[in-house]
Amino acid sequence: MEPIEREAVESALREGDVGTVVAGIDYLSNSDQDRDLVLSLLMRCIDHAAPDVRGAAARGVGNLVRLHPEMPVDDIVRALQERLGDAEIAPYVEDALSDVETAHRGRVSDPRAELVDNVRKIATGRIDDLTETLVPLGPQLERELTSPASEIFRNHQESAKVASLLSALDTVLDEVPPAATDAEVLREPGWSHVVDAAQSALAELARPS
């Protein structure tokens, strides 16, 4: 693999040279470069307009974690999970998550357990950071409700209850500005409907199989 320095990749990004960017990502994510600088580059590239660049970035994240198994992965896993809905790079994202799980056995959270935990936080009012809970929850629910391959829901009743929760959440979040504080969201009149929907969803999700 021909060496390509990070500065060259940055320059190629500015010039729109997709081929050099992809080759550079492949090289940097498999070489003994500054881990954090390479990760920062990958996280920018994973949202690039070109699917080849996004796919290379997702692939590169997996390579980087395998090369540096000691690195923290919580934010990486969250970023990858949020991009599972990108159909053009989903296979690369899934491979990267598998690489992370292999390198950090047990660190990748179970999607159903994460969903139940977030629903429980809303239902019981134990939300330490409302934004941190709601921002990833919406896309996660949308993804699971529309995916034929989803394994989170055991039956139609569960998915229907969660769909109702998502609808209530969307209604509230549509009424508040994007930078709304937790207090502003909680004061929104529709929040009581969110809590009711969360309690109903939690009762179904927690029902013994």
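These are my notebook entries on helices, core, salt bridges and surface charge in a predicted model.

**Entry 1: overall fold**

I began with the secondary structure. I counted 11 helices and zero strands in the protein. Reading along the sequence, I wrote the pattern down as α-α-α-α-α-α-α-α-α-α-α. I then looked up burial. Of the 209 residues in the protein, 44% are buried.

**Entry 2: nonpolar core**

Which residues have the most contacts inside the largest nonpolar core? I found I25, I76 and L80 in that role, in a core of 32 residues. I next asked which helices supply this core with at least two residues each. My list reads α1 (6-15), α2 (18-28), α3 (35-45), α4 (51-67), α5 (74-81) and α6 (90-103). The largest share, seven residues, comes from α4.

**Entry 3: V73**

I stopped at the loop between α4 and α5, where V73 has its place. Is V73 buried or exposed? I noted a relative accessible area of 0%, so V73 is buried. I also checked its spacing to E101, which is 28 residues away along the chain. The C-alpha atoms of V73 and E101 are separated by 9.4 Å.

**Entry 4: E10 and R44**

I turned to charge pairs. The structure holds 12 salt bridges. One of them joins E10 and R44, whose closest N and O atoms are 2.6 Å apart. This pair links distant parts of the chain. E10 sits in helix α1 and R44 in helix α3, with their positions 34 residues apart.

I compared the burial of the two partners. E10 has a relative accessible area of 15%, under the 20% limit, and therefore counts as buried. R44 reaches 44%, between 20% and 50%, so I logged R44 as partly exposed. The pair also belongs to a network of salt bridges: R6, E7, E10 and R44 are linked in it.

**Entry 5: D75 and R78**

Where do D75 and R78 lie? I placed both in helix α5, three residues apart, about one turn of the helix. They form a salt bridge, and I recorded 2.8 Å between the closest N and O atoms. D75 is exposed, because its relative accessible area of 57% is over 50%. R78 is partly exposed at 35%.

**Entry 6: R83 and E82**

I looked at one further pair. The side chains of R83 and E82 meet in a salt bridge at 3.9 Å, N to O. The cut-off for a salt bridge is 4 Å, so this pair is included. R83 counts as buried at 16% relative accessibility. E82 is partly exposed, with a relative accessible area of 39%.

**Entry 7: negative patch**

Last, I searched the surface for unpaired charge. Which residues gather in a patch of negative charge? I found E142, D170, D174 and E175 there. Helix α9 (residues 156-175) gives the largest share of this negative patch, three residues. D174 is found in helix α9. I looked up the exposure of D174 as well. Its relative accessible area is 63%, so D174 counts as exposed. Patch members need over 30% relative accessible area and no salt bridge, so D174 at 63% clears the area limit.

Methods. Residues are numbered from 1 along each chain as its sequence is written. This is a predicted model: local features need pLDDT of at least 70, side-chain atom pairs count only at pLDDT 80 or more; totals for chains, interfaces and linings use all residues. Side-chain values use heavy atoms; hydrogens and water are left out. Patches are made of residues with over 30% relative accessible area and no salt bridge: like charges are joined within 9 Å, nonpolar side chains (Val, Leu, Ile, Met, Phe, Trp, Tyr) within 5 Å. Accessible areas come from the Shrake-Rupley method with a 1.4 Å probe; for residues, only the protein chains shown count as cover. Lys and Arg count as positive and Asp and Glu as negative; His and the chain ends are not counted. The place of a charge is taken as NZ of Lys, CZ of Arg, CG of Asp or CD of Glu. Helices (H or I, at least four residues) and strands (E, at least two) are DSSP runs, numbered from the N terminus. Buried means under 20% relative accessible area, exposed over 50%, partly exposed in between (1.4 Å probe, protein chains only). A nonpolar core is a set of buried Ala, Val, Leu, Ile, Met, Phe, Trp, Tyr and Cys residues joined through side-chain atoms within 4.5 Å.
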